[in-house]
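Me: I should like to learn how to read the features of a structural model, one at a time. Could we begin with the backbone and then proceed to the packing of helices?

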Amino acid sequence: MAIHNLDIADFLANTWQTKPRLIRNAFPNFINPMSPEDLAGLACEAEIESRLITEANGKWQTSHGPIAETTFNTLSDSNWTLLVQAVDHWVPEVADLLDNFRFIPSWRIDDVMVSYATRGGSVGPHYDNYDVFLVQGAGQRRWQVGGPCSAANSLQNNPELRLLADFVAEEEWVLEAGDMLYIPPGISHWGTAMDNDCMTYSIGFRAPSHSEMLSDFCDDTLAGLTEELRYADPGLQEQGHSGEIMPAAISNAQRILQNYVNDEQRLTEWFGRYVTQQKYPAETADNTDEKFQQGDLVQLLKDDGVILRDPTVRIAFIDAESPSNSLLFFVNGVCFESVGDSCIALSKLLADNTRICSGQIMPWLGDTESVQLLLRLVNQGVLYFDEEIDY
């Protein structure tokens, strides 16, 4: 499956983070990868983030999961929406949707939120601080799109949903299964289900705030500092007012702080770790019941094994010269220091793909370092063998 009616180069140059764009029939003959009953089942699970939003007479209410199964029997026939986050972590067919969006760096992709709504169901007029592709999976949804918004816009008295108090639609479309709408950050929009069979797949992208980035960088930097590193001012000269903070002191403080940000290697490694941190780390525990030995792993791959990446895992790499590595390889917020020249191409293959056939890995099976990397990732549950393959 691929996105039809989309010129990627044109989209990135003229649409991405600039303006909304409707793509009709983006996925011809779209087959909805899950049913409303499946989605409701996920919402009942404690480890899965979900919300139930209802609206009556202009009043909005939000209930957070896990949603009791009996709750669904008490709902009316209209005006409610069920939202479930990170469905791609639980449903492989939903995870497959993400392969169509790899023209955006994969470390920018967040997750797939799936919504089911009855007629009139909505989450109200709002804006997001991140890019989102809205793929219509079933039924019809009317999307109204307004202008740019910011924290200066007035909100309704509902801090949880952050609904806009004054929404003016500038464009309006009704999407059917296979249609897709792109909304850039800060653009107001309002989607409303037109029937009782409305399912929408929202592919969201990570856009950490500057405060989040600065906080994490500072925490990461602080972890490596000692008490002996102190403010110092050699060459201090007598000044007219002892209570005055001189420009030289400000410059000195600025130099101290800039030294950490200007440390390119430190900044590079931090950023790689930061953007590969998992959103739901509780899901990442080592889930392999059996530890593979090197010989077993090589034999399975030689027997036409297919390796899959756990959908919760985040992998990326940075080409960077350093004393010990020519490539920095990141998995779930950890920088692998053992990746050397002999398995650089393998590391890139693993970062770029979620499904790898044995034929793609065969060139590295004779290299000890490469096999050790694969073995480590398999035994950590980062990679696993496709159970549908008969070994």
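Me: In which loop is Gln 17 placed?

Reply: The model is a predicted one. Gln 17 belongs to the loop that runs between helix 1 (8–14) and strand 1 (21–23). Its phi is near 60 degrees, a positive value in a residue other than glycine.

Me: Is Gln 17 buried, partly exposed or exposed?

Reply: The class is read from the relative accessible area, where buried means under 20% and exposed means over 50%. Gln 17 has a relative accessible area of 44%, so it is partly exposed.

Me: Where is Asn 332 placed, and what is its phi?

Reply: Asn 332 sits in the loop between strand 14 (327–331) and strand 15 (334–336). Although Asn 332 is not a glycine, its phi is positive, at about 55 degrees. Asn 332 has a relative accessible area of 19% and is therefore buried.

Me: Which residues does a cis peptide bond join?

Reply: The peptide bond between Gly 65 and Pro 66 is cis, with omega at about 5 degrees. Pro 66 is in the loop between strand 3 (59–64) and strand 4.

Me: How should I read the buried face of a helix, taking helix 2 as the case?

Reply: The general idea rests on periodicity: an α-helix has 3.6 residues a turn, so residues three or four places apart point the same way. In helix 2 (residues 36–43), the buried residues are Leu 39, Ala 40, Leu 42 and Ala 43. Viewed down the axis of helix 2, these buried residues fall within an arc of 155 degrees, so they line one face of the helix.

Me: What covers the buried residues of helix 2?

Reply: The cover includes strand 2 (50–56), strand 4 (80–84), strand 5 (109–117) and strand 11 (198–205).

Me: Now to pairs of helices. At what angle do helix 8 and helix 10 pack?

Reply: One reads the angle together with the distance between the axes. Helix 8 (residues 344–352) and helix 10 (residues 368–379) pack at about 30 degrees, and their axes are 9 Å apart. Angles under 35 degrees count as roughly parallel, and helix 8 and helix 10 are therefore roughly parallel to each other. The crossing of helix 8 past helix 10 is right-handed.

Me: Which residues meet in that contact of helix 8 with helix 10?

Reply: Helix 8 contributes Leu 346, Ser 347 and Leu 350, which meet Ser 370, Leu 373, Leu 374 and Leu 377 of helix 10. By class, this contact of helix 8 with helix 10 has five nonpolar, two polar and no charged residues.

Me: How is helix 7 oriented with respect to helix 10, roughly parallel or roughly perpendicular?

Reply: Helix 7 (residues 294–302) packs on helix 10 at an angle of about 95 degrees, with the axes 10 Å apart. Angles from 65 to 115 degrees count as roughly perpendicular, and helix 7 and helix 10 are therefore roughly perpendicular to each other. Gln 294, Leu 297, Val 298 and Leu 301 of helix 7 meet Val 371, Gln 372, Leu 374, Leu 375 and Val 378 of helix 10. The residues in this contact of helix 7 with helix 10 divide into seven nonpolar, two polar and no charged.

Me: At what angle do helix 4 and helix 6 pack?

Reply: Helix 4 (residues 210–222) and helix 6 (residues 264–275) pack at about 120 degrees, with axes 11 Å apart. That angle makes helix 4 oblique to helix 6. Helix 4 passes helix 6 in a right-handed crossing. Among the contact residues are Asp 216, Phe 217 and Asp 220 of helix 4 and Arg 266, Trp 270 and Arg 273 of helix 6. By class, the contact of helix 4 with helix 6 has six nonpolar, one polar and five charged residues.

Me: How far apart are Ile 318 and Thr 268 in sequence and in space?

Reply: The two separations are to be read side by side. Ile 318 and Thr 268 are 50 residues apart in sequence and 8.0 Å apart in space, C-alpha to C-alpha. Ile 318 is in strand 13 (residues 315–319) and, at 24% relative accessibility, counts as partly exposed. Leaving aside residues up to four places away in sequence, Ile 318 touches Thr 268, Gly 272, Leu 327, Leu 328 and Phe 330.

Conventions:
Residues are numbered from 1 along each chain as its sequence is written. This is a predicted model: local features need pLDDT of at least 70, side-chain atom pairs count only at pLDDT 80 or more; totals for chains, interfaces and linings use all residues. Side-chain values use heavy atoms; hydrogens and water are left out. Axes are lines fitted to C-alpha atoms, for helices over the stretch in contact, and angles run from 0 to 180 degrees between N-to-C directions. Helices (H or I, at least four residues) and strands (E, at least two) are DSSP runs, numbered from the N terminus. Angles under 35 degrees count as roughly parallel, over 145 as roughly antiparallel, 65 to 115 as roughly perpendicular and the rest as oblique. A crossing is left-handed if the near helix is turned anticlockwise from the far one by less than a right angle, and right-handed if clockwise. Contact means heavy atoms within 4.5 Å. Ala, Val, Leu, Ile, Met, Phe, Trp, Tyr, Cys and Pro count as nonpolar, Asp, Glu, Lys and Arg as charged, and the others, Gly among them, as polar. Buried means under 20% relative accessible area, exposed over 50%, partly exposed in between (1.4 Å probe, protein chains only). The arc is that of the directions from the helix axis to the C-beta atoms.
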